[in-house]
Amino acid sequence: MIKKFIHQFASPKTYLKQVDRAYPYIFFTSLSIYLIAIFWGLFLTPEDFVQGHSYRIIYLHVPASFISQSLYLGMAFASAIFLIWKVKLSAYLVRSIAPIGAMTTFIALVSGSIWGIPTWGTWWAWDARIISTLILFIMYLGLISLHDSFTNNEKADKFLAILVLVGSVNIPIIKMSVEWWSTLHQSASITITQKPAIDPSMLYPLFASAIGFTGLVVCLVILSSKFHILDRERNKSWVKDYV
């Protein structure tokens with residue numbers, strides 16, 4: 001029953017119809033939220049007592065860090081579906097998400113380095129959180145290179161899915177690195193079980209920036225997935241009608 005349900009709603013043709021319908025709403029809503037959040041965070045929030053104005057980069061750094069890890073988890077979930085139920089759309093999504101994940105991880109690393117200069121006095125430190133995030137970035141690039149090195153797409157999809165699942169062990173390492181090792185990064189300011197350690201005047205635009213940034217990244221994934229689907233399905237009759 002589960003297999004039938006997944007195959008019924010996961011055909012590339014159906015997927016493209018649905019995302020084409022949703023894309024403009026997601027894009028304009030997310031862009032508006034993110035622009036408001038950035039303006040709010042840069043100009044309306046108070047100066048931090050310890051970090052001054054340098055903390056304002058959190059409205060880019062935190063969403064990028066969160067999304068870089070979330071995208072990998074999304075790839076792992078899609079990889080499991082592909083390996084278990086052979087849903088080809090899942091394989092397309094894994095390959096489509098990888099470059100977006102690499103981009104957001106790069107943004108997280110660069111924005112973190114910029115933040116580190118006034119905060120730590122250096123743009124780079126061999127910190128457990130930074131190293132594990134750098135490994136995530138390298139993993140994204142490696143997965144892209146691996147898939148593109150195959151001439152047989154079916155074999156490439158399978159190897160990619162397996163390696164994504166193996167590499168997912170790095171995500172909890174990134175998350176727990178601050179607790180497991182002595183690092184320059186502070187503990188999480190926002191947790192499920194405790195009251196946020198960040199002032200509400202700074203917290204609300206941070207939430208808004210995370211929502212807006214996530215929506216914009218979803219739009220990039222949609223565009224990337226459309227490209228890969230149309231490329232992989234180019235010999236199918238429905239593609240000619242779609243284009």
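Contact here means heavy atoms within 4.5 Å. With that in mind, colour the whole chain by position: of the contacts between residues at least 6 apart in sequence, 76% join residues at least 24 apart.

Before you go on, note that this is a predicted model, in which local features need pLDDT of at least 70 and side-chain atom pairs count only at pLDDT 80 or more, while totals for chains, interfaces and linings use all residues. Residues are numbered from 1 along each chain as its sequence is written, and side-chain values use heavy atoms, with hydrogens and water left out.

**Stop 1: the whole chain**

Switch to a cartoon view. You will find nine helices and zero strands, where helices (H or I, at least four residues) and strands (E, at least two) are DSSP runs numbered from the N terminus. Now colour by accessibility: 42% of the 243 residues count as buried. Buried means under 20% relative accessible area, exposed over 50%, and partly exposed in between, with a 1.4 Å probe and protein chains only.

**Stop 2: the cores**

Next, select L71, Y72, M75, Y140, V164 and V217. Within the largest nonpolar core, which has 30 residues, these touch the most other members. A nonpolar core is a set of buried Ala, Val, Leu, Ile, Met, Phe, Trp, Tyr and Cys residues joined through side-chain atoms within 4.5 Å. Which helices each supply at least two residues of this core? They are α3 (58-85), α4 (88-120), α5 (128-149), α6 (153-167), α7 (170-180) and α8 (200-232).

Zoom in on Y140. Leaving aside its neighbours within four places in sequence, Y140 touches S68, L71, Y72 and M75, along with A98, G101, A102 and T105. Apart from the largest core lies another, of 13 residues, including A10, I81, I222 and W238.

**Stop 3: α5 against α7**

Show just these two helices. Their axes come within 8 Å and cross at roughly 160°; axes are lines fitted to C-alpha atoms, for helices over the stretch in contact, and angles run from 0 to 180 degrees between N-to-C directions. That makes α5 roughly antiparallel to α7, because angles over 145 degrees count as roughly antiparallel, under 35 as roughly parallel, 65 to 115 as roughly perpendicular and the rest as oblique.

Add side chains for A128, R129, S132, T133, I135, L136 and M139 in α5, which meet N170, I171, I173, I174, K175, S177 and V178 in α7. This contact has eight nonpolar, four polar and two charged residues. Ala, Val, Leu, Ile, Met, Phe, Trp, Tyr, Cys and Pro count as nonpolar, Asp, Glu, Lys and Arg as charged, and the others, Gly among them, as polar.

**Stop 4: α3 against α6**

Swap to this pair, whose axes come within 9 Å and cross at roughly 130°. α3 and α6 are therefore oblique to each other. From α3, pick Y72, M75, A76, S79, A80, F82 and L83; from α6, pick D157, K158, A161, I162, L163, V164, L165 and G167. By class, the contact of α3 with α6 has eleven nonpolar, two polar and two charged residues.

**Stop 5: two single residues**

Is S30, in helix α2 (residues 12-44), buried or exposed? S30 counts as buried, because its relative accessibility is 7%. Beyond its neighbours within four places in sequence, S30 is in contact with G212, G215 and L216.

Finish at L230 in helix α8, which counts as partly exposed at 23% relative accessibility. Draw a distance from its C-alpha atom to that of P12: the two are 8.8 Å apart, though 218 residues separate them along the chain. Setting aside neighbours within four places in sequence, L230 is in contact with L16, V239 and Y242.
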